[in-house]
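Q: Please take a close look at the enclosed empty space inside this protein and at the packing of the parts around it. I would like one connected explanation that a first-year student can follow.

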Amino acid sequence: MKQHKKGLVVWLLTVVLLFIAALLAGSSGRSETVQEAMRDAVLHDSGQISLFELKAVNPGMISAFLVTAVLLIAAVLIRIFAIPRFKFQPGKLQLVLEEAVGLFDGMAKGSSPHRNRFMGAYIFSAGAFIFVGTLFELLGLQAVTVHGRPITLPAPLSDVNAAIGLGVLSYLVIASGGVAEHGPKGVLKALKEFSLPISMSFRLFGALLSGLLVTELVYYYVSLSFVLPVIVGVMFTLLHALIQTYVLTMLVALYYGEVSEPSHHKEKKVPADNA
């Protein structure tokens, strides 16, 4: 017990000394202002990356490709090596996979009881992309911009283009449920929620961008760049990963269930003949 207390005291003293040193160091000496740094984090004017020497793209696109590749490779490996070894008494990996699949499958059945097999697969895929893509920025993978500056690859959905793409795709999936159940009339039912892809897109973009900007602001100043960025970055990232995954998948399942609900025609009661 005494050793644990001694170690805690040493750790706290180290943190305090680093913080004092950061305060004495002053500003970071960056050539760009904090406004320019945060603007570039949103618009990527000077932070674009060359895609196979063909075109300069936003770093979020590179992140999206990497996250998609990781998910596809993981799915193939699990299907080939893990699933054939599943047993009646599940192990740790099997238990995690079954809980994840059961969570999204139950969400699909509860929110959209009609035609929910496809919905369960879609919200599982979308949820996995949002969750893994949000945690991706914790890896801190580095790349080099077209101007030769190093840059940390951000979460894919912190790019407004990726957020809009996922929002529009989710809306098309919702509309497909109406068409599958009601035919061409189902399109009219889905068009009632024409603002849905906009709200989904900017909800994702705004939530993830806020965490990115807060972290960027903290890292900008040397006096705040010890210990605090780790706490802020991990906290914002984990919260956004969990909350945004739940919100988007739940909304898609709810709206899909609404537009794919069969029309119930009340049977006309035939009045009895008077005796």
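A: In this predicted model, the search for enclosed spaces counts one cavity of 30 Å³ or more, and the volume of the largest cavity is about 30 Å³. Its lining is made up of M200, R203, L204, Q244, V247, L248 and L251. If you look for the elements behind these names, helices α8 and α9 each supply at least two of the lining residues, and α9 gives the most, with four residues. As general background, rolling a probe the size of a water molecule over the atoms shows where empty space is left.

The two helices that line the cavity also take part in the packing of the interior. The largest nonpolar core has 35 residues, and both α8 (196-220) and α9 (228-259) are on the list of elements that give two or more residues to this core, together with β1 (49-51), α3 (59-82), α4 (92-111), α5 (116-135) and α6 (160-182). In soluble globular proteins, nonpolar side chains tend to be buried together. Within this core, the residues with the most contacts are I123 and V252. Leaving aside neighbours within four places in sequence, I123 is in contact with F104, M107, A108, T249 and V252, so that I123 and V252 touch one another in the model, with heavy atoms within 4.5 Å.

One of those partners, F104, leads to a further feature, for the whole structure holds one aromatic pair. F104 and F124 form this pair in an edge-to-face arrangement, with 5.6 Å from centre to centre and 85° between the planes. Because F104 lies in helix α4 and F124 in helix α5, the pair ties together parts that are 20 residues apart in sequence. The two rings can also be described by their accessibility: F104 is buried, with a relative accessible area of 9%, whereas F124, at 32% relative accessibility, counts as partly exposed.

Finally, a careful reader should keep the confidence of the prediction in view. The mean pLDDT of the protein chain is 76, and 68% of its residues reach 70 or more. Among the elements, α3 has the highest mean pLDDT, 93, while helix α2 (residues 34-43) has the lowest, 61. Over residues 265-275 the pLDDT is below 50, and this stretch has zero contacts in the model beyond near neighbours in sequence.

Conventions: Residues numbered from 1 in each chain as written. Predicted model: local features only at pLDDT ≥ 70, side-chain atom pairs only at ≥ 80, totals over all residues. Heavy atoms only, no water. Core = buried A, V, L, I, M, F, W, Y, C linked by side-chain atoms within 4.5 Å. Buried < 20%, exposed > 50% of the residue type's maximum accessible area, 1.4 Å probe, protein only. Phe/Tyr/Trp six-rings, centres within 6.5 Å; stacked < 30°, edge-to-face > 60°. pLDDT = per-residue confidence, 0-100. 1 Å grid on protein atoms, 1.4 Å probe; cavity = no way out; pocket = protein on both sides within 12 Å on 5 of 7 lines; lining within 4 Å. Points joined across faces, edges and corners; volume = space filled by probe spheres on them.
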